[in-house]
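Here's a quick briefing to read with the model open beside you. Take the topics in order and click through the residues as they come up.

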Amino acid sequence: HRDLHSFPTRRSSDLNGPGNNGGGTTVNAINNNGAVVGFSSDNAATPTLFTNFIRNPNGSFNVLSLGGDPLAMANGINDSPAVVGGGSNGTAFFDSGGILLPLPTVNGDTASETAFGINDTGLIVGQFVDNATDTTPGFLLQNGAFTVLNPVANALATNAQSVNDNGVVAGFYSVDGVHQHGFLYNSTTSTYTLAPDPVIANLVLVQFLGINDAGIVSGYYQLPDGSQHGLLYNTNTQSYTFLDDPNAATSGFSITQITGINDAGDLSGFYVDSGSGLQRGFVAAPAAATPEPGTFGLWAGPLLLLLVSPRWLRARR
């Protein structure tokens with residue numbers, strides 16, 4: 001077991017989303033201007049409803065209507081800011097300035113799809129359900145053409161979560177429906193890189209959720225008790241840094257997911273507050289997030305959030 005470090009921050013901010021957020025706040029991505037995208041949950045029994053938002057760097061919120069769909073999820077944001085996500089009808093969407101456009105389906109066998117990330121050149125990544133193969137591959141949408149993403153031939157599920165402005169995709173995959181591993185896809189060379197798992201006892205899964213232009217990946221890993229701990233992965237040195245929100249539990253069941261990282265090293269994500277048990281978002285700028293490539297080292301050392309965290313649900317689909 002490794003000791004986890006809390007954020008050694010230059011600045012940080014807890015984030016409770018607008019609307020009724022009795023079920024917690026999920027922050028899914030951050031752009032280079034420091035704006036984040038996500039949603040609040042009202043914790044209704046049937047069904048849980050979401051208030052989607054962009055939170056601006058000055059702390060103000062823009063509520064996203066997303067076609068009036070109370071079950072839509074805003075997942076990715078670029079500098080425009082354009083937002084991508086998925087609707088309750090299984091259609092992926094692109095939203096810019098309140099104009100919502102559905103994405104085309106990947107192929108004729110697409111049962112549903114969700115977009116997770118968008119870069120500043122308009123590349124979009126996500127996941128779809130393929131009825132023909134009974135799998136959930138990832139996808140990259142570039143200039144109107146889809147590339148199906150499966151880093152290994154026997155993958156049951158592939159989640160393409162983020163794409164940087166160099167066209168490098170970060171995500172995770174599973175071959176057994178339980179254990180998950182990080183991967184990278186270079187859209188220029190059409191090549192995959194399978195990232196090594198961190199050396200952690202009883203590791204269940206690793207999810208890569210964000211990537212910046214320097215090749216620093218954000219995400220988390222999970223242990224058998226369901227605890228989730230934030231991580232950064234340097235693709236240049238293949239080394240990990242582990243970070244938890246300082247307000248998350250320090251022992252027992254603990255949740256921190258680092259869902260996004262921008263080019264300044266600012267992080268976005270969410271955690272379970274150790275005092276209230278409520279899921280809260282965060283924006284943080286850890287000192288550990290900003291060294292030049294090659295300087296990262298391996299650090300030694302309530303609410304059931306699996307319900308509120310859509311990324312885990314999608315991976316289990």
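β13 and strand β14 (residues 145-149) pair in the antiparallel sense, with five bridges between them. This is a predicted model, so read everything below as computed from it. The two strands make a hairpin with two residues between them, and on its other pairing β13 runs antiparallel to strand β12 (residues 124-130) over four bridges.

**The β12-β13-β14 stretch**

- Leucine 141 sits opposite phenylalanine 146 in β14, which gives you a handy register marker for the hairpin.
- In the hairpin turn, asparagine 143 has a positive phi of about 55 degrees.
- For the β12 pairing, look for glutamine 127, which faces glycine 138 in β13.
- How much of β13 is covered? Most of it: strand β13 covers residues 138-142, and four of its five residues are buried.

**The loop between β12 and β13**

- Two residues here are worth a click: aspartate 134 and threonine 135 both lie in this loop.
- Aspartate 134 has a phi near 55 degrees, a positive value in a residue that isn't glycine.
- Is aspartate 134 buried or exposed? It's exposed, because its relative accessible area is 69% and the cut-off for exposed is over 50%.
- Threonine 135, on the other hand, has a relative accessible area of 15%, so it counts as buried, the limit being under 20%.
- The side chain of threonine 135 makes a polar contact of 2.6 Å with the side chain of threonine 133.
- Once you set aside neighbours within four places in sequence, threonine 135 is in contact with Phe128, Val129, Asp130, Ala155 and Leu156.

**Alanine 29 in β3**

- Alanine 29 belongs to strand β3 (residues 24-30).
- With a relative accessible area of 12%, alanine 29 is buried.
- What does alanine 29 touch? Not counting residues up to four places away in sequence, the list is Ala35, Val36, Val37, Asn75, Gly76, Ile77, Thr259 and Ser268.
- Alanine 29 and leucine 209 are 180 residues apart in sequence, yet their C-alpha atoms are 8.5 Å apart in space.

**The largest cavity**

- The largest cavity has a volume of about 290 Å³.
- Its lining takes in 31 residues, and those nearest the centre are Ile30, Ile77, Ser162, Val163 and Ile211.
- Which elements give two or more residues to that lining? They are β3, β7 (73-77), β11 (110-118), β15 (157-163), β19 (205-211) and β23 (256-261).
- Sorted by class, the lining of the largest cavity comes out as nine nonpolar, 16 polar and six charged residues.

**The five-strand open sheet**

- Follow the order β1-β22-β21-β20-β19 to trace an open sheet of five strands with mixed pairing.
- β1 (5-6) and β19 are the edge strands, each pairing on one side only.
- Inside that order, strand β20 (residues 216-222) and strand β21 (residues 228-234) pair in the antiparallel sense over seven bridges.
- To check the register there, find isoleucine 216, which stands opposite asparagine 234 in β21.

**Backbone oddities and other loops**

- Serine 80 and proline 81 are joined by a cis peptide bond, with omega at about 5 degrees.
- Proline 81 lies in the loop between β7 and β8 (82-86).
- Leucine 66 is another non-glycine residue with a positive phi, near 50 degrees.
- You'll find leucine 66 in the loop between β6 (61-64) and β7, where it's buried with a relative accessible area of 3%.
- Threonine 48 is in the loop between β4 (36-41) and β5 (50-55).
- Why does threonine 48 count as partly exposed? Because its relative accessibility is 22%, and partly exposed runs between the 20% and 50% cut-offs.
- Threonine 48 touches Ser41, Asp42, Asn43 and Leu71, leaving out residues up to four places away in sequence.
- From C-alpha to C-alpha, threonine 48 and leucine 71 are 7.6 Å apart in space, with a sequence separation of 23 residues.

Notes:
Residues numbered from 1 in each chain as written. Predicted model: local features only at pLDDT ≥ 70, side-chain atom pairs only at ≥ 80, totals over all residues. Heavy atoms only, no water. Buried < 20%, exposed > 50% of the residue type's maximum accessible area, 1.4 Å probe, protein only. Pairing = 2+ DSSP bridges. Polar contact = N/O pair within 3.5 Å; in protein donor to acceptor, adjacent residues only side chain to side chain. Contact = heavy atoms within 4.5 Å. 1 Å grid on protein atoms, 1.4 Å probe; cavity = no way out; pocket = protein on both sides within 12 Å on 5 of 7 lines; lining within 4 Å. Points joined across faces, edges and corners; volume = space filled by probe spheres on them. Nonpolar A, V, L, I, M, F, W, Y, C, P; charged D, E, K, R; others polar.
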